[in-house]
Amino acid sequence: MLLFTSCHLAHGQQSGHYLQGFTGLDNGSTSPPGVYVTYLPYIYKVDSLEGPNGNTLLKPDITIVANNVVYQVTTEKRILGASYGLSAIIPIVNTRFTADIFDASAQSAGVSDIFLMPVVLGWAKGKATYTLNYGFYAPSGAFDPALALNPGLGFWEHQVQAGVGYSFDKLKLWNASALTTWEINQSKSGLDVKPGPMFNLEYSLGRRIYKYKINLGAAGYVYEKLSPDSGSGISPLVAGNIDRSYGIGPEFKYTDPVKHLGLDFRYERQFGVEAKTQGNVFVIGITWLNIFLPPSAHH
């Protein structure tokens with residue numbers, strides 16, 4: 001049972017904090033100046049465990065739900081010609097595990113590691129937008145190296161993001177975006193284990209309809225660990241393994257500044273997975289937004 005219930009599961013790979021497929025449409029641009037509060041549940045339905053060569057090892061039934069509360073502010077301040085903002089994410093994770101093979105089950109819940117992003121920079125030039133961000137995960141969630149189920153991961157992580165968005169036509173209806181996320185991990189608390197650095201690329205293609213309030217399209221991601229996990233706590237049986245995965249699916253995004261409402265739904269099916277779990281990802285976003293009006297709008 002211990003082989004399944006840790007986030008890295010039977011193959012011993014250490015998971016990072018960033019959730020694959022966490023962003024989609026418009027992820028290459030920053031939000032307009034304003035205040036945003038989002039309830040963003042991330043639901044991961046695991047249906048298989050893939051080995052280092054992409055072969056299916058087991059078919060467990062695992063449901064992981066991260067109930068994220070995202071606070072974001074984009075200010076009217078400019079830095080290097082870019083808009084400046086900051087954000088924070090408080091995740092509450094619920095994990096329910098069922099293994100039919102062993103006729104056993106377990107579940108865990110609690111506040112996971114809090115994410116703070118003190119630097120969010122955004123540029124807009126013509127049909128293109130750009131974003132550059134820095135943040136970090138603090139090991140605030142409960143973590144006991146002796147337990148298989150933990151809300152927290154037990155280590156600090158630095159995160160650097162760079163993204164771009166582009167509109168293909170003069171009316172800016174057809175749009176594409178891409179966001180890269182680089183994870184630089186520290187050692188785990190109480191263990192001589194250091195997860196390897198990780199790379200995520202999330203991309204999207206969409207079209208705006210209904211007076212620009214709806215962006216409808218597809219989103220996907222590419223994830224790969226850049227180097228193996230290190231430390232004496234890594235089992236020799238899995239030392240040197242690299243995990244990777246891919247995902248793609250449809251997305252619906254609705255934004256109405258007048259009603260201060262944003263809605264987002266994204267589904268991605270994972271494929272090409274190696275040394276990692278595989279399944280279906282569902283992301284649902286409900287946002288209260290209060291966009292700051294430009295000075296000219298007040299006259």
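Before I get to the first hairpin, a word on terms: helices (H or I, at least four residues) and strands (E, at least two) are DSSP runs, numbered from the N terminus. Two strands pair if DSSP finds at least two bridges between them.

Okay, so what are we looking at? This is a predicted model, where local features need pLDDT of at least 70 and side-chain atom pairs count only at pLDDT 80 or more, while totals for chains, interfaces and linings use all residues. Residues are numbered from 1 along each chain as its sequence is written, and side-chain values use heavy atoms, with hydrogens and water left out.

Overall picture. The chain has 14 strands and one helix. There are 299 residues, and 46% of them count as buried, where buried means under 20% relative accessible area, exposed means over 50%, and partly exposed is in between (1.4 Å probe, protein chains only). For contacts, meaning heavy atoms within 4.5 Å, take those in the chain with a separation of 6 or more: 63% come from residues 24 or more positions apart. The accessible surface of the chain is about 14,300 Å², and carbon and sulfur atoms hold 65% of that. Those areas come from the Shrake-Rupley method with a 1.4 Å probe, and for residues only the protein chains shown count as cover.

Let's start with S1. Which strand does S1 join through 14 bridges? That's S14: S1 covers residues 34-50, S14 covers residues 276-291, and the two run antiparallel. If you want a landmark, find Tyr 39, which stands opposite Ile 286 in S14. S1 also pairs with S3, residues 61-79, again in the antiparallel sense, over 13 bridges. There, Val 37 has Tyr 71 of S3 as its bridge partner. And then there's little S2, residues 56-58, antiparallel to S1 over two bridges, with Leu 49 partnered by Leu 58. S1 and S2 make a hairpin with five residues between them, and Gly 54 in that turn has a positive phi of about 85°.

Now over to S11, S12 and S13. S11 (residues 214-225) and S12 (residues 244-256) run antiparallel, joined by eleven bridges. S12 then pairs antiparallel with S13 over ten bridges. Gly 247 is a handy residue to click on: Tyr 221 stands opposite Gly 247 in S12, and Gly 247 stands opposite Gln 270 in S13. S12 and S13 form a hairpin too, with four residues between them, and His 260 in the turn has a positive phi of about 55°.

Next, the surface. Tyr 39 comes back here, together with Ile 209, Tyr 210, Leu 216, Phe 252, Leu 263, Phe 265, Ile 284 and Ile 286, in a nonpolar patch with about 780 Å² of accessible area together. The patch rule: residues with over 30% relative accessible area and no salt bridge, joining like charges within 9 Å and nonpolar side chains (Val, Leu, Ile, Met, Phe, Trp, Tyr) within 5 Å. S13 (261-274) and S14 each supply at least two residues of this patch.

Ile 209 sits in S10, residues 198-209, and counts as partly exposed because its relative accessible area is 35%. Arg 207 is found in S10 as well, and is partly exposed at 31%. Leaving out residues up to four places away in sequence, Arg 207 touches Leu 173, Trp 174, Asn 175, Ile 214, Asn 215 and Leu 216. Its C-alpha atom is 9.4 Å from that of Ser 167, 40 residues apart along the chain.

Last topic, charges. Side chains of opposite charge can pair when their charged atoms come close. A salt bridge here is a side-chain nitrogen of Lys or Arg within 4 Å of a carboxyl oxygen of Asp or Glu, and by this rule we get twelve. One of them joins Arg 208 and Asp 26 at 2.9 Å, N to O. Why does that pair tie together parts 182 residues apart in sequence? Because Arg 208 lies in S10, while Asp 26 is in the loop between helix H1 (2-5) and S1. Arg 208 counts as buried, at 19% relative accessibility.

Asp 26 also meets Lys 253, at 3.5 Å, N to O. Lys 253 is in S12, 227 residues from Asp 26. Then Glu 274 meets Arg 244 at 2.6 Å, N to O; Glu 274 is in S13 and Arg 244 in S12, so this pair ties together parts 30 residues apart in sequence. Glu 274 is partly exposed, at 22%. Finally, salt bridges that share partners join Lys 225, Asp 229, Asp 243 and Lys 276 into one network.
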